[in-house]
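Here is a set of short exercises with worked solutions. Keep the structure open while you work.

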Amino acid sequence: MHRFGFLARRTLQIVPLLAVVLFVVSALVRLVPGDPARALLGLGATPARAARLDRELGVNKSLLSSYVSYLDHALQGNLGNSVKAQQPVITLIGERIGVTAWLLFFALLFALLLALPLAVVSARRRDRPLDHGIRGVSVLALSIPTFWLGLMLVSYVALPTGWFPVAGFGEGLAQHLRSILLPAFALAVAIAPIQIRALRVALIGALDSDFIAAARAVGLNERRVLGRHALPNAMVSAITLLAAQLGALLFGEVVVESAFALPGLGQAMVQAVSERDYAVVQGITLLAALLVILVNLAVDVLYVALDPRVELR
Amino acid sequence: MNVSRLLPVGLLALTALAGGCGAAGSKSTGSVAVNATPPAVAGAARTGVIAVARSSDSVSLDPQALTIGEDYTTQTALYAGLVRIAPNGKSIEGDLAASFSFDGATLTYTFDLREGLKFSNGTPVTTADIVYSIQRAAKGEVYAPMFAAISSVSAPNAHQIVIKLSRYSNLVLPILSYAFVVPRNLEGHTPASFFKHPVGSGAFVLSSWNPGNKMVLKRNPYYWDSDRPHANEIVLQIIPAENARLNALQAGNVQLDEYVPDEELPALPSQELVKNEPRASLLLLATNNAHAPFTNPTDREAVGFAINRALLLKTVWGGAGVETSGFIPPGLPESHGVLNGSGSWQYDPAKAKALLHGTNPPITLLTSYERGIDSTLVDVIQRELEQAGFHVTVEIRDYGTAVTQVLAGDFSIFLTPQTAYLPSAGEPLTTYDTLYTPAAHWDAKAVTGYLAEYSKASTIQQRKVAAIAFERWAHANWIAIPIGNPDVFFGVSKRLRGLQVMPFGTYRLEDLQLAG
């Protein structure tokens, strides 16, 4: 009952939270100077045509009026129309979300595949040269800008080998996989170092705790001690961190999609901002905010699964 | 071999060609050699898919809404008109019309249609469709003024179209090349719905369009020219990031990059670059003539003398381009010899300084980074204006914002490209009349008068005379300051054949072919 109440309460909190996020985004978009119709149509368009498009975009409406109208439509599942793409924003998101989902999934997978073994090795070889080496490389990887790593991967891996496409998402499963590997790796390198460090610290804490000493005392082998007892405890903090990193991951995804010309939501966002396609900017932001909120909610629930001592309130 | 070392050699060769050609008009011979890939092989087997990387997507597939270069290349692939621009970009040739003729007064045009014309859905193209399409195009907002001389469009029989003019206008034939033929009444659809899945009679048909991502064109089996298109499919892939487009070309993911910026040129060997020259485009410093200090023609003149055009060409554009020939770009037929020998647009910093009398007027240089305009160019112009005595503040804006400011009169000097899409000086003159005159406060009566004079000139010589008269007036009054005509480059795969870039930066997709 407690859990149901918690979920219901948190779910209800999503609506006002999204409304606030949307208001802030709407206000920020309005602060960008320039005429969206002119940005789309260029200098050659007649004033009448530009004025007509401005009316369609609701540029002349007040911020509050257009915000209320947008909110009303959004609650009915209508996120408006993209003036550039001449299609509903929902359709545009639907066409592009697949690419972004692939990218995020593989980035998380790669980050986990990098972080987990390195953190375990680092924790078990604490303060030895291997531990220092892993931590040093982590700091180095953390300081590499994602776009730069993307460019390096293109220049020194994709172009010389010809194994990986450097633009587009391709057709079919095999091409999708080939298209996504390098950008996902670039993104994974951006988040893995923090995961490694957090997981290492949590593992060290767990390995030093009394319950691990007790487990060892009853004769459990080290692999079982680590896998069944230390890691699940350490994962709580790693998962918390992952949820906190989601915002950074979404930002990195925008950069990586541009570097690899992946037609996902990140690239659509960049284009929409430069073209003043308000509805697209609002729609994608709304989706990103919803994702962050839902992931945080899921993490809260996951705490309970991983650590029965945690209570949901 | 070191790839980057090849480029200076290539640029040197290109520069030598451009320099050796002298005046703009005599460049046509040289341009064919440098702005085209090897020609397509006639009658060769059709190649499969050609992928093209472009920086931005089409705005619309509605011919009434033609605005940007991407639209022109795409729409000329999907649709056909009675006539079209010849591949060299200098004349008009038949398209759906096999031939055309005029009466003695050039007030009646008669177009003889080809046999068996069909739309991409297999239905016949009728004279009613053509009459409807021309009438529809004439109502379009962008080019409507250029259709104004047409008094009637009719079909005396099933094989001919007759267009009558109320007065002679040399703008009519060029503008008809953008009067694309679509089914009458758009087959009962609204324009928004029809142009999402348009039916035309061009070399290609729209297969799919994922806006902002990819457009796929497939061969139109009913196209009137059985030798075209060479490719079965064209994929127009939208890749906004410049380095990503270049990477895609180098990786073989695309066969053509529609725009390689100057800083990326060293990454490609010269044989994989195609130069768009002479261009029907120029860079202009448009002064706000209703705003101090430029209400005073002397201050505008000072700007004119402050700019070292030879230095810009040599250092900023690496020799790829033309210094300036005035307000009519060198890629247009009437540009030839416009200011030849007049001594105009000189660089004389001492004179510029003297004209300002040490007043150091504050000005704001407004611009956006477009093709041909980058931070290096802006820095050089700022420095030159400051050396002359102006106190310059630079405002870099995105294009939409800059244009909004200009239209609102909120600028003192605007650095902007000005591009034409028709082989006629009438197009830039129309733009100057409708856009720059109100925005930058040029003398409306004078500009409209020069446009009228040009429109009624019936021979190329008379048109040149009219264009020169405008140029001389513009220079005498320093209405704005042209600063140069930088070339732009296309990146091409070694296998690509048949690309011939017109002065407008557009090209025919139907001519593209892959070797091997």
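**Exercise 1. Cis peptide bonds in chain B**

In which loop of chain B is Pro293(B) found? Then describe the peptide bond before Pro293(B), and treat Pro229(B) in the same way.

Solution.
- Note what you are working with: this is a predicted model.
- Step 1. Find the loop. Pro293(B) sits between strand E13 (281–287) and helix H9 (297–306) of chain B.
- Step 2. Look at the bond. Ala292(B) and Pro293(B) are joined by a cis peptide bond, with omega about 5°.
- Step 3. Go to Pro229(B). The loop that holds Pro229(B) runs between strand E9 (214–219) and strand E10 (231–238) of chain B.
- Step 4. Check omega there. From Arg228(B) to Pro229(B) the peptide bond is cis, and omega is near -10°.
- Step 5. Set this against the general rule. Most peptide bonds are trans.

**Exercise 2. Positive phi values**

Place Leu186(B) and Asn360(B), give phi for each, and decide whether each is buried or partly exposed.

Solution.
- Step 1. Recall the background. Most residues other than glycine have a negative phi.
- Step 2. Take Leu186(B). Its phi is positive, about 50°, although Leu186(B) is not a glycine.
- Step 3. Place Leu186(B). It lies in the loop between helix H6 (172–176) and helix H7 (191–194) of chain B.
- Step 4. Classify Leu186(B). Buried means under 20% relative accessible area. Leu186(B) has 3%, so it is buried.
- Step 5. Take Asn360(B). Phi is near 50° here, again a positive value in a residue other than glycine.
- Step 6. Place Asn360(B). Its loop links helix H11 (349–356) and strand E15 (362–367) of chain B.
- Step 7. Classify Asn360(B). The relative accessible area is 45%, so Asn360(B) is partly exposed.

**Exercise 3. A helix and its end**

Which residues of helix H13 (residues 399–407) of chain B are buried? Find the residue with positive phi that follows H13(B).

Solution.
- Step 1. List the buried residues of H13(B). They are Gly400(B), Thr401(B), Ala402(B), Val403(B), Gln405(B) and Val406(B).
- Step 2. Move past the helix. Gly409(B) follows H13(B), and its phi is positive, near 80°.
- Step 3. Widen the view to chain B. Its secondary structure comes to 16 helices and 21 strands. Of its 516 residues, 59% are buried.

**Exercise 4. Two helices that cross**

Describe how helix H6 (residues 129–142) and helix H8 (residues 172–207) of chain A pack.

Solution.
- Step 1. Choose the terms. Two packed helices are described by the angle between their axes and the distance between the axes.
- Step 2. Read both values. The axes of H6(A) and H8(A) come within 8 Å and cross at roughly 145°.
- Step 3. Give the hand. H6(A) passes H8(A) in a left-handed crossing.
- Step 4. Name residues in contact. On the H6(A) side they include Asp131(A), Ile134(A), Arg135(A) and Ser138(A). On the H8(A) side they include Val189(A), Ala190(A), Pro193(A) and Arg197(A).
- Step 5. Sort the residues of this contact. There are 9 nonpolar, 1 polar and 4 charged.

**Exercise 5. Cavities**

How many cavities of 30 Å³ or more are there? Describe the largest and the second largest.

Solution.
- Step 1. Recall the method. Rolling a probe the size of a water molecule over the atoms shows where empty space is left.
- Step 2. Count. There are 7 cavities of 30 Å³ or more.
- Step 3. Take the largest cavity. Its volume is about 230 Å³.
- Step 4. Find its lining. Of 21 lining residues, the closest to the centre are Thr76(B), Arg84(B), Ile85(B), Met502(B) and Arg508(B).
- Step 5. Find the main contributor. H3(B) gives the largest share of this lining, 4 residues.
- Step 6. Sort the lining of the largest cavity. It divides into 12 nonpolar, 5 polar and 4 charged residues.
- Step 7. Take the second largest cavity. It holds about 120 Å³ of space.
- Step 8. Find its lining. Of 14 lining residues, the closest to the centre are Lys84(A), Leu92(A), Gln271(A), Glu275(A) and Gly212(B).
- Step 9. Find the main contributor here. H11(A) gives the most to this lining, with 3 residues.
- Step 10. Sort the lining of the second largest cavity. It divides into 6 nonpolar, 3 polar and 5 charged residues.

Notes. Residues are numbered from 1 along each chain as its sequence is written. Chains are lettered from A and ligands numbered from 1 in the order in which they are written. This is a predicted model: local features need pLDDT of at least 70, side-chain atom pairs count only at pLDDT 80 or more; totals for chains, interfaces and linings use all residues. Side-chain values use heavy atoms; hydrogens and water are left out. Buried means under 20% relative accessible area, exposed over 50%, partly exposed in between (1.4 Å probe, protein chains only). Helices (H or I, at least four residues) and strands (E, at least two) are DSSP runs, numbered from the N terminus. Axes are lines fitted to C-alpha atoms, for helices over the stretch in contact, and angles run from 0 to 180 degrees between N-to-C directions. A crossing is left-handed if the near helix is turned anticlockwise from the far one by less than a right angle, and right-handed if clockwise. Contact means heavy atoms within 4.5 Å. Ala, Val, Leu, Ile, Met, Phe, Trp, Tyr, Cys and Pro count as nonpolar, Asp, Glu, Lys and Arg as charged, and the others, Gly among them, as polar. On a 1 Å grid over the protein atoms alone, a cavity is a set of points where a 1.4 Å probe fits but cannot get out, and a pocket is an open set with protein on both sides within 12 Å along at least five of seven lines; lining residues have an atom within 4 Å of a point. Grid points are joined across faces, edges and corners, and a volume is the space filled by probe spheres set on the points.
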